[in-house]
Amino acid sequence: MSIASIMVAVDDGLHAPARVRLAAGLAERLGARLVGVAACMPDYPRGYGETAVPMGMVIEEIRQAALGKLADAEQAFRTAARLIDRVEWRSDVAAPAPFLEGQSRAADLVVVGRPADDEGVTPGMAVGVGDALMGLGRPVLTVPAGIEHLEAKRVVIGWKNTLQTRRAVSDAMPILRRAEAVQVFRVGDGKDRHEVEDVVRYLALHDVSASAHLAGPSGWTVADDLRGATRMFGADLIVTGAYGYSRLREWFFGGVTRDLLDKASVCCLMSH
């Protein structure tokens with residue numbers, strides 16, 4: 001249970017440098033390597049590769065523009081991560097989500113951004129948070145726009161006894177051990193208290209200082225209750241599972257994962 005390699009998805013958005021600084025600070029505290037990853041899919045004209053569209057200078061100019069965006073992203077990454085000794089850069093002219101998925105083989109944790117309305121990311125460089133959670137097979141730290149530091153001294157675990165949440169707690173263990181206080185939060189009734197307290201005892205075996213908080217249903221969503229508990233506890237990190245239901249179901253009907261990704265004001269470490 002260690003985090004020796006942190007990977008951060010980089011793009012040309014407004015808040016990408018802040019996300020890199022957050023990842024760099026976390027890597028420094030954990031003694032981890034930091035890997036920046038970016039890909040750009042050129043905006044080739046419709047019909048590219050077919051005989052009806054001529055090859056030549058226009059196609060090459062589009063490709064060179066994509067390479068220029070990647071070079072700018074690398075410069076932004078290296079500037080934001082300049083205080084870290086162990087850094088690497090990986091990029092390609094390719095679709096960003098599949099490229100990140102392939103590179104995640106070299107990461108223990110992948111940091112991705114939750115874009116703001118004013119983010120301004122080139123469409124061919126954007127990595128969707130949902131795509132990352134479903135495709136990487138790694139824990140994903142989602143960072144709201146503009147946040148550039150993660151203390152993780154106080155952490156809330158949004159507990160539900162699912163394989164996704166159990167995996168998230170295990171994945172987050174190196175961070176939980178360094179926290180000053182951890183709260184295991186569960187929305188349920190009295191019969192769930194033993195389950196939550198059992199998790200607290202398990203965490204104690206791993207030198208994590210944790211407490212249990214069982215809350216009755218409030219009439220709001222579970223995600224609303226979890227965000228409220230995070231504010232009351234003074235935490236800047238939520239650890240929880242992702243997409244306990246299918247992603248399609250959450251897209252149509254809503255769910256904790258979707259609500260957190262849409263509205264959480266703090267970082268979320270999620271595993272699927």
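**Exercise 1.** Find which residues form a nonpolar patch on the surface, and place Tyr-202 within the fold.

*Solution.* Met-1, Tyr-202 and Leu-205 form this patch, and together they have about 350 Å² of accessible area (Shrake-Rupley method, 1.4 Å probe, with only the protein chains shown as cover). Patch members have over 30% relative accessible area and no salt bridge, nonpolar side chains being joined within 5 Å. This is a predicted model, in which local features need pLDDT of at least 70 and side-chain atom pairs count only at pLDDT 80 or more, while totals for chains, interfaces and linings use all residues. Residues are numbered from 1 along each chain as its sequence is written, and side-chain values use heavy atoms, without hydrogens and water. Next, Tyr-202 sits in helix α7, residues 193-205 (a DSSP run of H or I, at least four residues). Finally, Tyr-202 counts as partly exposed because its relative accessibility is 34% (buried is under 20%, exposed over 50%, partly exposed in between).

**Exercise 2.** Describe the surroundings of Glu-119.

*Solution.* Begin with the loop between β4 (109-114) and α4 (129-135), where Glu-119 lies. Glu-119 is buried but has no salt bridge (a Lys or Arg side-chain nitrogen within 4 Å of an Asp or Glu carboxyl oxygen), and the nearest side chain of opposite charge, Arg-19, is 4.6 Å away. Leaving out residues up to four places away in sequence, Glu-119 touches Gly-13, Leu-14, His-15, Ala-16 and Ala-145 (heavy atoms within 4.5 Å).

Definitions and conventions. Patches are made of residues with over 30% relative accessible area and no salt bridge: like charges are joined within 9 Å, nonpolar side chains (Val, Leu, Ile, Met, Phe, Trp, Tyr) within 5 Å. Helices (H or I, at least four residues) and strands (E, at least two) are DSSP runs, numbered from the N terminus. Buried means under 20% relative accessible area, exposed over 50%, partly exposed in between (1.4 Å probe, protein chains only). Lys and Arg count as positive and Asp and Glu as negative; His and the chain ends are not counted.
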